[in-house]
Amino acid sequence: IRMKAYVDKDACIGCGLCVDICPEVFSLDDDGLAEAINDDIADDVLESAREAEEQCPTGAISIE
Ligand code: SF4
């Protein structure tokens, strides 16, 4: 299954939680907002990426 993560920068508040939970996928950009790598999420990383999606306080992350 090929899954990718997306961050809605209009919703992101830059709390950094997703980076703490899943640094393989998420990082903060120069504006301090999260961004997701543009690659398919590796199988062994998907679980933590999903955790970040669930924990994001503003629901800015989607994985599809
Ligand atoms: Fe932005 Fe959500 Fe990540 Fe916090 S957890 S930095 S609000 S995407």
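## Accessibility and the charged residue glutamate 35

Relative accessible area, computed with a 1.4 Å probe on protein chains only, sorts residues into three classes: buried means under 20%, exposed means over 50%, and partly exposed covers what is in between. Glutamate 35 has a relative accessible area of 32%, and it is therefore classed as partly exposed, since this value falls in between the two limits. The structure discussed here is a predicted model, and the values given below are computed from that model.

## A salt-bridge network around lysine 9

In general, side chains of opposite charge can pair when their charged atoms come close. Glutamate 35 takes part in such a pair, forming a salt bridge with lysine 9 in which the closest N and O atoms are 3.7 Å apart. This contact joins distant parts of the chain, because lysine 9 belongs to the loop between β1 and α1 whereas glutamate 35 belongs to strand β3, with their positions 26 residues apart in the numbering.

Lysine 9 also forms a salt bridge with aspartate 29, and here the closest N and O atoms are 2.4 Å apart. Again distant parts of the chain are linked: lysine 9 lies in the loop between β1 and α1 (17–21), while aspartate 29 lies in the loop between β2 (26–28) and β3, 20 residues apart. Lys9, Asp29 and Glu35 are thus linked in a network of salt bridges. The accessibility of the partners is mixed, for lysine 9 is partly exposed at 33%, whereas aspartate 29 is buried at 15%, a value under the 20% limit.

## Aspartate 40 and arginine 2

The count of salt bridges in the model comes to four. One of them pairs aspartate 40 with arginine 2, and the closest N and O atoms of this pair are 3.8 Å apart. The two residues stand 38 residues apart along the chain, with aspartate 40 in the loop between β3 (34–36) and α2 (43–55) and arginine 2 in the segment before β1 (5–7), so that this bridge too links distant parts of the chain. Aspartate 40 is partly exposed, with a relative accessibility of 37%, while arginine 2 is exposed, with a relative accessible area of 70%.

## The ligand and its surroundings

The space taken by the ligand is the largest cavity of the protein. The residues that surround the ligand are Cys12, Ile13, Gly14, Cys15, Gly16, Leu17, Cys18, Ala34, Cys56, Pro57, Thr58 and Ile61. Sorted by class, this shell consists of nine nonpolar and three polar residues, and it has no charged residues.

Several members of the shell can be described further. Cysteine 15 is placed in the loop between β1 and α1 and is partly exposed, at a relative accessibility of 46%. Its C-alpha atom and that of threonine 58 are separated by 9.7 Å, although the two residues are 43 residues apart along the chain; both residues belong to the shell around the ligand. Alanine 34, also in the shell, is found in strand β3 and counts as buried, because its relative accessibility is 3%. From alanine 34 to glutamine 55, 21 residues away in sequence, the C-alpha to C-alpha distance is 14 Å.

## Cysteines without disulfides

The structure holds zero disulfides. Cysteine 22 is accordingly in no disulfide, and the nearest cysteine sulfur, which belongs to cysteine 18, is 8.6 Å away; a disulfide would need the two sulfur atoms within 2.5 Å. Both residues are buried, since cysteine 18 has a relative accessible area of 9% and cysteine 22 has one of 0%.

## Further distances across the chain

Alanine 60 sits in the loop between α2 and β4 (61–63) and is buried, with a relative accessibility of 5%. Alanine 60 and isoleucine 13 are 47 residues apart in sequence, and their C-alpha atoms are 8.7 Å apart in space; isoleucine 13 is one of the residues around the ligand.

Is aspartate 20, in contrast to alanine 60, buried or exposed? Aspartate 20 counts as exposed, because its relative accessibility is 63%. This residue is in helix α1, and its C-alpha atom is 10.0 Å from that of serine 48, which is 28 residues away in sequence.

How values were computed:
Residues numbered from 1 in each chain as written. Predicted model: local features only at pLDDT ≥ 70, side-chain atom pairs only at ≥ 80, totals over all residues. Heavy atoms only, no water. Near = heavy atom within 4 Å. 1 Å grid on protein atoms, 1.4 Å probe; cavity = no way out; pocket = protein on both sides within 12 Å on 5 of 7 lines; lining within 4 Å. Sits in = over half its atoms within 2 Å of the grid points. Nonpolar A, V, L, I, M, F, W, Y, C, P; charged D, E, K, R; others polar. Salt bridge = Lys/Arg side-chain N within 4 Å of Asp/Glu carboxyl O. Helix = DSSP H or I, 4+ residues; strand = E, 2+ residues; numbered from the N terminus.
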